[in-house]
Amino acid sequence: MANEAVATIAITVVFSAAPRTVHEVVLHVPFGCLAADAAALVAPQWGMDTAQLQDMDLGVWGKRVPVQHVLRDGDRLEIYRSLTVDP
């Protein structure tokens, strides 16, 4: 069986759990990774479970995207929490 290299891309995932608190991590994910899959990779380390993640919106570079959005190399995936006040 030959070793097959899997093409990966580098993305940054960010989430602000509370005002003035930002979590950020760089991930190397397989080419073709969906936004929902990348968010699910980091959610547990930031104290979120799958149910909480499903209630949040996702964006790439400040623009909302559907969960099935295919990420590209260099993308900044943002996980948006619900706001309690309108800014």
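Two residues are taken to be in contact when heavy atoms of theirs lie within 4.5 Å. With that settled, here is what the predicted model shows.

The chain contains two helices and five strands, and going along the sequence they come in the order β-β-α-α-β-β-β. Its C-alpha atoms fill a box of roughly 55 × 25 × 20 Å along the principal axes. Of the 87 residues, 32% count as buried. Among contacts with a separation of 6 or more, 44% link residues that are 24 or more positions apart. As for the surface, about 6,100 Å² is exposed, with carbon and sulfur atoms supplying 54% of that area. On the charge side, there are 6 positive and 10 negative side chains, and the centres of these two sets sit 9 Å apart.

Turning to the inside, the largest nonpolar core is made of 23 residues. Those with the most contacts inside this core are Ile11, Val13, Trp46, Met48, Leu71, Leu77 and Ile79. The elements giving two or more residues to it are β1 (8–18), β2 (21–30), α1 (35–42), β3 (57–60) and β5 (76–80). Trp46 is worth a look on its own. Once its neighbours within four places in sequence are set aside, Trp46 touches Val13, Val14, Phe15, His23, Glu24, Val25 and Ile79. Two of these partners, Val13 and Ile79, are also on the list of core residues with the most contacts.

Next comes α1, where Ala35, Ala38, Ala39 and Val42 are buried. These residues cover an arc of only 100° around the axis, so they end up on the same side of α1. That fits the usual helix geometry: an α-helix has 3.6 residues a turn, so residues three or four places apart point the same way. The buried residues of α1 pack against β1, β2 and α2 (50–54), and also against β3 and β5.

Finally, there is Arg81, in the segment after β5. How buried or exposed is Arg81? With a relative accessible area of 27%, Arg81 is partly exposed, because that class covers everything between the 20% limit for buried and the 50% limit for exposed. Along the chain, Arg81 and Phe15 are 66 residues apart, yet their C-alpha atoms are separated by 7.9 Å. Phe15 is also one of the contacts of Arg81. Leaving out neighbours within four places in sequence, the other partners of Arg81 are Ser16, Ala17, Ala18, Pro19 and Met56.

Technical notes:
Residues are numbered from 1 along each chain as its sequence is written. This is a predicted model: local features need pLDDT of at least 70, side-chain atom pairs count only at pLDDT 80 or more; totals for chains, interfaces and linings use all residues. Side-chain values use heavy atoms; hydrogens and water are left out. Helices (H or I, at least four residues) and strands (E, at least two) are DSSP runs, numbered from the N terminus. Buried means under 20% relative accessible area, exposed over 50%, partly exposed in between (1.4 Å probe, protein chains only). Accessible areas come from the Shrake-Rupley method with a 1.4 Å probe; for residues, only the protein chains shown count as cover. Lys and Arg count as positive and Asp and Glu as negative; His and the chain ends are not counted. The place of a charge is taken as NZ of Lys, CZ of Arg, CG of Asp or CD of Glu. A nonpolar core is a set of buried Ala, Val, Leu, Ile, Met, Phe, Trp, Tyr and Cys residues joined through side-chain atoms within 4.5 Å. The arc is that of the directions from the helix axis to the C-beta atoms.
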